[in-house]
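User: I would like a close look at one part of this model. Please take a single helix and explain how it sits among its neighbours.

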Amino acid sequence: MCSEFCIETHDLVKTFGDKTAINHLTLAIPNNGIHAIVGSNGAGKSTLFRLLLGVDTPNSGSIKVYGESATNLSPTTRAKVAYVNEEHTLPTWMKINALLKMQKHFYPKWSDTIYNNVIGFFDVDPNQKIAGLSRGERAGVNLAMVLAQQASTLILDEPTLGLDVVAKQSFLEALLFAERESESTIIYCSHQMEEIERVAENLIILEKGQLTNSSTPEAFVERIKSVMVEAEHLGLSASSLKAEVFEKLPGFINTKSIDESYQLTFVDRTLEQITADLNARSINISFAQNVSLNQAVNAFLSKHHSRPSQAKHTPA
Amino acid sequence: MFELAKSEFYRYQKWACLWALVVLGVFLFSLRYQPFLYPDQAKSALNNLLMLGGSFMFGALQIVLHRRKNHWTFLIHRPLPSSGICNAILLAGAAVILIAVGAPWLVMVAGTDVFGSSLVEFRHYSYIVYLCLTALMSYQLGVLIVLNASRGIVLLVGLLVLVLAPKADSHLAQFAPVIVFNGMLYYLNKLSFKPDLSTYLRGPIAQSLLAVPMSFNLVYLLILSTVVFYHGPKWALGTHPDTNPVDGSLSYTYSLNKDELVYYTLENAKVFAPDLANSIRLQADESNYHWIAASVRSHPRSHQLHLDDTSYQLVDEKNNINYQFSHKHMVLLGKHALTGEPAGVIGQDGFYRSLSEFKQNKESAVFDRVPYLIENRYAAFGNTLLSINFEDQSVSERFRLRDNEYLQNMPYYMREGGFISLFTNQRIILFDSQRFAYEYETLAPNFAFDLPDTIELTNILGFELADGFAFIIKDKGHYSGVGAKTHLIHVDYAQNETLVASREYTVNRHPNWIEEIDYMLSPLLYVMRAEIMNALDEALAIPSDTSEMTVNLQAVIVHVISLILLIILGRKHELNKAQWATWIVLVSSLSFPALLSFVLLHPFKGVYFKKPQRLLSAKPQAV
């Protein structure tokens with residue numbers, strides 16, 4: 001059964017003891033394109049991937065990959081989905097060429113051309129053991145093998161974690177090269193906004209196991225507004241201002257004190273609405289700021305991010 | 001699949017070869033002390049510990065390494081069915097086991113066959129097959145214990161006892177259990193090998209295959225638990241029957257001296273020969289006492305595994321010839337100790353210069369059964385005791401038992417009294433050891449008496465009297481002591497046997513529910529265990545009779561409570577009809593141990609004791 005979505009979840013829930021990792025998640029990722037999944041630590045990204053690959057079972061709800069339940073994926077469907085994790089797990093006791101020979105056996109669509117093109121971005125000796133590769137080289141081999149499988153969907157879970165600048169650059173170039181050559185769907189999970197900005201066509205944000213955004217990066221940035229205000233005249237301290245004034249504003253996310261001014265960030269509010277809300281509290285906007293994707297995501301995620309309490313951290 | 005198996009094998013290939021070389025080195029070193037095929041129990045135990053323990057650890061380690069974060073995903077997420085991946089892993093593991101366990105043994109046995117002077121036959125090679133099968137079983141146990149979500153699976157290690165403990169009395173009994181268990185473990189491993197390892201097996205067949213052996217072993221754990229709530233506190237308080245023997249119980253007799261035992265046996269006894277009883281009382285203090293071993297041992301079996309042999313060879317020291325029993329020809333084959341050249345044959349009717357000469361007289365020469373070889377000069381088998389004289393190169397019949405009578409153990413040398421005792425299925429026979437050794441005289445027993453129709457024997461106490469010999473036999477009755485007796489038997493020099501007195505013991509040192517806790521917990525398991533073990537090794541003779549009314553009633557109560565608890569606990573797990581039927585049958589038949597198996601084979605966390613759920617935040621709007 002052909003579905004227009006490679007991945008679909010419906011009211012998905014996964015708990016680990018008292019902790020809810022995935023919280024009634026309903027998500028549909030369409031075929032093709034590069035979809036970035038972003039979220040703070042513990043948002044449920046890795047859990048979602050584990051559920052997708054069937055190595056974990058949801059408590060309730062459903063999750064499907066190409067129309068098949070993820071808890072019972074057939075070999076044919078598994079061949080359609082390639083997965084790269086942050087550790088670039090490979091059999092360390094094997095040599096690269098032996099590993100290639102084994103992998104070719106499993107994937108009938110294997111393309112030596114794609115493998116050779118991608119591995120060309122990295123400088124590896126095919127007779128070398130996997131255990132002897134650096135992290136960047138291992139990432140390159142892993143990516144080349146995964147792309148050579150010509151899977152319909154490629155899931156990358158923080159693939160550039162721990163890579164140096166050069167290796168990271170090579171990895172992203174190889175990924176974009178492969179994406180141009182094929183019509184596969186790429187699901188890219190990363191904390192690196194510059195990577196997301198560079199590659200993603202769709203931005204999915206997970207917070208505490210819930211879906212809080214699924215749109216293009218540009219559309220998401222549009223949701224976030226940042227303004228500079230001065231509030232000295234109110235005669236309140238910064239903490240009082242935040243607690244008694246700013247946090248009561250609709251759509252308020254966070255504030256940053258810069259000299260005697262405050263940078264306020266809002267979500268899902270127009271500039272006019274923000275101006276009106278501030279004016280009502282006798283606060284004028286000095287100017288509105290452009291927001292980068294990095295700033296927008298950071299501000300968005302910081303809203304529910306845990307912070308240490310004052311009492312715990314009072315110096316002795 | 002084979003590519004994956006090859007990759008997995010290469011991972012451990014070097015370690016397997018290294019292990020095999022180290023083991024081979026140890027084997028070669030051991031040649032300094034004894035021939036490699038010498039049936040040494042300590043060596044056998046160490047071999048089992050290393051090979052089987054090592055195989056178990058390897059299986060567990062193999063899966064532990066695959067279960068690491070991301071490694072399991074890498075293994076599972078490929079276009080192969082889970083069963084194919086499982087087969088690849090197990091195939092590789094089996095190959096590693098064959099190298100590590102089988103190869104050193106094969107090298108040593110083949111090397112001994114070709115270059116050594118020891119007799120090597122098919123049974124020596126078949127031991128290698130048996131060892132490899134047992135090692136594979138251990139390996140699969142290690143795999144299953146790590147693979148399966150239930151940690152209670154570790155109880156399945158007890159299956160090894162069923163394989164190793166009995167001295168099998170047939171080839172079927174030797175090989176069938178280990179083959180069947182390998183098949184069963186393979187099936188369970190295939191079922192357990194799924195993408196999500198945190199899910200429990202729910203199928204009725206799988207749960208039954210797990211629950212039954214787990215229940216067997218849980219019985220032993222439950223018996224051990226009596227240390228916590230019964231034996232331990234009693235010891236601590238100083239009231240334990242072991243240190244405070246209960247007068248009137250059979251166990252009280254264990255605390256008595258030998259002469260005190262005589263008086264105790266006669267106290268409150270049914271006396272059938274009062275004069276003899278008085279005579280024995282008078283002589284008891286001055287008598288010499290001797291313990292006579294009365295444990296049943298399986299007779300050596302034709303083509304048995306060589307490590308089950310009780311003896312290795314007879315040695316003609318003058319001519320430097322070693323005679324080992326050939327299970328193929330059923331005679332003793334001689335080989336020169338230094339050259340290994342054939343050097344004659346000993347049949348049950350005499351010495352032969354060569355195998356061809358023996359074959360001309362084969363019918364009379366072959367031994368009816370595999371004999372015990374004793375003291376380098378005797379061969380005992382069935383109802384015959386032969387004396388072998390290397391000086392005269394002759395074989396003579398030293399003693400023959402009655403028809404339908406056979407030895408139940410090797411002849412036993414009682415050093416204290418200078419007697420040799422024979423324990424048969426019908427009698428205890430004592431021979432003077434000096435007369436026994438003087439083979440030019442017909443051997444007649446000094447004393448012999450027919451054994452009473454007993455359920456279970458323990459050591460027999462014999463003591464010399466002026467007019468003969470007396471024996472005290474302890475009959476444990478039912479295994480817990482119900483119906484226990486002691487019998488005092490007198491045999492005079494004319495071999496007249498008299499049952500002097502019998503005392504019955506009606507008091508137990510422990511309450512019934514402790515003495516018979518294994519029966520109470522599950523009568524069916526109790527009977528099954530006995531029947532299975534006895535079927536594998538009839539010498540074990542584990543009693544399998546049912547108990548008395550009180551204990552049976554207790555068992556019924558335990559059954560009912562177990563069923564009620566099953567219904568309460570089962571409802572928490574939302575079982576389907578097939579699962580309900582399976583567990584009702586299991587708990588109805590196997591009782592409390594099966595209920596514990598149920599708990600172990602189902603998730604525990606968050607099922608029986610649910611914490612109030614924190615309110616989840618409202619669902620977000622669709623974006």
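User: Take helix α2 of chain B: how does it pack with helix α4 of chain B, and which residues meet?

Analyst: The model is predicted, and what follows was computed from it. Helix α2 of chain B covers residues 41-66, and helix α4 of chain B covers residues 82-115. Their axes are 11 Å apart and form an angle of about 155°. Because angles over 145 degrees count as roughly antiparallel, α2(B) is roughly antiparallel to α4(B). The crossing of α2(B) with α4(B) is right-handed.

Next come the residues in the contact. From α2(B), the residues are B:N47, B:M51, B:S55, B:F58, B:Q62, B:I63 and B:H66. On the side of α4(B), they meet B:I89, B:G93, B:V96, B:I97, B:A100, B:V101 and B:W105. Sorted by class, this contact of α2(B) with α4(B) has 9 nonpolar and 5 polar residues, and no charged ones. Glycine is placed among the polar residues in this sorting, and B:G93 of α4(B) is one of the residues in the contact.

The numbering of these residues can be read against a general rule. An α-helix has 3.6 residues a turn, so residues three or four places apart point the same way. With that in mind, look again at B:N47, B:M51, B:S55 and B:F58, which are among the contact residues of α2(B). In α4(B), B:I89, B:G93, B:V96 and B:A100 are among the residues on the other side of the contact.

Key
Residues numbered from 1 in each chain as written. Chains lettered and ligands numbered in written order. Predicted model: local features only at pLDDT ≥ 70, side-chain atom pairs only at ≥ 80, totals over all residues. Heavy atoms only, no water. Axes fitted to C-alpha atoms, helices over the stretch in contact; angles between N-to-C directions. Helix = DSSP H or I, 4+ residues; strand = E, 2+ residues; numbered from the N terminus. Parallel < 35°, antiparallel > 145°, perpendicular 65-115°, else oblique. Left-handed = near helix turned anticlockwise from the far one by under 90°. Contact = heavy atoms within 4.5 Å.
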